[in-house]
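This report describes a protein model part by part, for a reader who is new to structural biology. Please keep the sequence and the structure in view while reading.

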Amino acid sequence: MNFNMNIPGLKDVEIEKIEEVGERTALHVSLPKQPHRCPSCGEMTTKVHDYRIQKIKHLKWFERLTILFYKRRRYACVCGKRFSETSPFVDKYQRYTKEWNQVVRIRAVKAKTFKEAGEVLGTSSSTVIRRFKEVAKDQITSGVRLPKVIAIDEYKGDTDAGTYQLIIANAETHEPIDILPNRRKDTIKDYLYQYGADVELVVMDMNPSFKAAVKKALGRPVIIADRFHYCRYIYWAIDEVRRKVQKEWHAYDRKKCKRMRHVLYKR
Ligand SMILES: [Zn+2]
């Protein structure tokens with residue numbers, strides 16, 4: 001059996017044999033012989049030196065994971081140089097096809113979970129995560145410049161860098177700008193020092209040590225306590241008063257008023 005088929009990502013590839021190998025469909029493939037230019041002296045050659053089998057993982061084909069046994073030709077030049085043929089579907093020493101590499105980048109971003117992407121692509125979730133990080137790195141622009149008015153708040157993201165992360169947002173448009181891996185003072189200080197030259201106003205909670213870090217990094221920005229955190233302090237204060245007052249009441253009244261607490265929280 002020897003036929004050509006235009007399988008997506010495997011154009012012009014000759015399939016010599018198809019068989020089942022474990023859970024995968026194995027395609028034994030090769031490329032047609034073609035004149036190649038010697039990378040050493042520039043002469044053209046068609047003289048075959050030998051073949052090497054390159055084992056490469058490819059995408060699913062009819063819902064089956066595939067593996068390619070690529071019989072990769074090596075040419076010999078009159079100058080003595082021996083070199084591998086150029087291949088449109090896989091780079092040298094790679095364990096995955098080019099097409100697969102493109103798909104994993106898309107799936108890593110679009111799939112619901114890394115695990116799911118790994119299952120569809122026949123690889124581990126850690127491989128998908130690694131590829132996702134490559135994509136992310138490419139996307140990140142190095143020259144972030146923070147706007148005049150920013151908001152900083154912590155949130156519980158539970159990543160491997162820690163339970164809490166910091167989100168930096170544009171306080172006027174409410175658009176998130178960046179997420180810092182943790183809420184350590186040094187992290188925010190270094191970040192603002194690097195990107196915060198234009199910042200004049202910072203909306204944030206009222207944690208004093210945090211405030212000190214922001215001030216240190218930005219010189220003397222105007223720091224605004226955001227409404228949520230500011231109100232929280234007021235609620236706490238009111239609640240303290242409520243407790244003090246109710247302590248002096250009779251047990252009956254106290255019990256009755258305990259559930260009235262949220263009346264105080266109304267706007
Ligand atoms: Zn040569």
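What volume does the largest cavity have? The volume of the largest cavity is about 50 Å³. The model examined here is a predicted one.

## The cavity

A search of the whole structure finds one cavity of 30 Å³ or more. As a general principle, rolling a probe the size of a water molecule over the atoms shows where empty space is left.

The residues that line the largest cavity are Ile152, Asp153, Glu154, Leu166, Met204, Asp205, Asn207 and Phe210. Sorted by class, this lining has four nonpolar residues, one polar residue and three charged residues. Strand 9 supplies the largest share of the lining, namely three residues. Asp153, one of the residues that line the largest cavity, stands opposite Ile167 in strand 10.

## The sheet

Strand 9 belongs to an open sheet of five strands, whose order is 11-10-9-12-13 and whose pairing is mixed. At the edges lie strand 11 (176-180) and strand 13 (222-225), each of which pairs on one side only. On average, neighbouring strands of this sheet are turned by 30° against each other, direction ignored.

In general, strands of a sheet pair through backbone hydrogen bonds, either parallel or antiparallel. Which sense applies to strand 9 and strand 10? Strand 9 (residues 149-159) and strand 10 (residues 162-170) run antiparallel and are joined by eight bridges. A hairpin of two residues links strand 9 to strand 10, and Thr159 stands opposite Gly162 in strand 10.

## The second hairpin and the helix

Strand 10 also pairs with strand 11, in the antiparallel sense, over four bridges. Within this pair, Ile168 stands opposite Asp178 in strand 11. How many residues lie between strand 10 and strand 11 in their hairpin? There are five residues between these two strands, and His174 in the turn has a positive phi of about 65°.

Helix 4 (residues 185-195) packs on the sheet and touches strand 9, strand 10 and strand 11. The direction of helix 4 makes about 135° with that of strand 11.

## The largest pocket

The largest pocket contains about 740 Å³ of space. Its lining consists of 23 residues, of which Ile140, Asp178, Ile179, Leu180 and Pro181 are the closest to the centre of the pocket. Asp178 has already appeared as the residue that Ile168 stands opposite. The lining divides into 16 nonpolar, four polar and three charged residues.

Several elements take part in this lining: helix 3 (125-139), strand 9, strand 10, strand 11 and helix 4 each supply at least two residues. Strand 11, an edge strand of the sheet, gives the most to the lining of the largest pocket, with five residues.

## The domains around the pocket

The chain is divided into domain 1 (1-95), domain 2 (97-140), domain 3 (149-225) and domain 4 (228-265). Between which domains does the largest pocket lie? The lining of the pocket receives residues from both domain 2 and domain 3, and therefore the pocket lies between these two domains. The centres of domain 2 and domain 3, taken over C-alpha atoms, are separated by 30 Å.

How values were computed. Residues numbered from 1 in each chain as written. Predicted model: local features only at pLDDT ≥ 70, side-chain atom pairs only at ≥ 80, totals over all residues. Heavy atoms only, no water. Pairing = 2+ DSSP bridges. Axes fitted to C-alpha atoms, helices over the stretch in contact; angles between N-to-C directions. Contact = heavy atoms within 4.5 Å. 1 Å grid on protein atoms, 1.4 Å probe; cavity = no way out; pocket = protein on both sides within 12 Å on 5 of 7 lines; lining within 4 Å. Points joined across faces, edges and corners; volume = space filled by probe spheres on them. Nonpolar A, V, L, I, M, F, W, Y, C, P; charged D, E, K, R; others polar. Domains from an automatic or database assignment.
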